[in-house]
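Biologist: I am new to this structure. Please take me through one part of it closely.

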Amino acid sequence: VRHASPSVANNYAAFATPGSSLTLEACDVRSDTGSGVAAEGATLAVRNCSIRGCKTHGVAVYGDLLGEFGSGEIVGCVVADNGGDGVLLRQGARGDVRGNTITGNGGVSVELVDVREGTTLRDNVLGTGTGGKKAKPAVRFGGYGEEDVVAENNRVV
């Protein structure tokens, strides 16, 4: 999947709209102008994909406006060399980030902001962020929900 758009809003190579479901398996995704894959208030599954070279985030999963719905399963993927975060979960989204290699992104490998209970971060290889004047951490938490995240067996390179 190759994407480029002059649009500023909803600038994604693949996007799951509120209430929908999207599954990508064994795909190669790139966006010259925005994020690779995104979901807002939707159910997203990205399995065994390569998301590389996107201008902003590799995979972004947002909850709905009330922060109650939205989930992302990112499993067995390579998320690398994107301008923003490798994987971003925020606004009440719940995520299962498992068995991925997430490296070389301009932001952090995985950013979790106001995530819901049940979010997991397991068995990943994570790099520090490369953008800006100093390296960014591999994982960054923000807002509420940090205590609800299970993080196990991740390796930082």
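Modeller: Here is a close look at one loop residue and the strands around it.

This is a predicted model, where local features need pLDDT of at least 70, side-chain atom pairs count only at pLDDT 80 or more, and totals for chains, interfaces and linings use all residues. Residues are numbered from 1 along each chain as its sequence is written, and side-chain values use heavy atoms, with hydrogens and water left out.

Start with Asn100. It sits in the loop between β12 (94–98) and β13. Strands here are DSSP runs of E, at least two residues long, numbered from the N terminus. Asn100 has 1% relative accessibility, so it counts as buried (under 20% relative accessible area, 1.4 Å probe, protein chains only).

Its side chain reaches the backbone oxygen of Ile74 at 2.9 Å. The side chain of Asn100 also reaches the backbone nitrogen of Cys77, at 2.7 Å. Beyond its neighbours within four places in sequence, Asn100 is in contact (heavy atoms within 4.5 Å) with residues including Val75, Gly76, Asp123 and Val125.

Val125 leads on to the strands. Thr101 stands opposite Val125 in β16. β13 (residues 101–103) and β16 (residues 125–126) pair in the parallel sense over 2 bridges; pairing takes at least two bridges found by DSSP.

Now the whole sheet. It is open, has 7 strands and parallel pairing, and runs β1-β4-β7-β10-β13-β16-β19. β1 (2–3) and β19 (155–156) stand at the edges with a single partner strand each, so one side of each is left without a neighbour in the sheet.

Key:
Helix = DSSP H or I, 4+ residues; strand = E, 2+ residues; numbered from the N terminus. Buried < 20%, exposed > 50% of the residue type's maximum accessible area, 1.4 Å probe, protein only. Polar contact = N/O pair within 3.5 Å; in protein donor to acceptor, adjacent residues only side chain to side chain.
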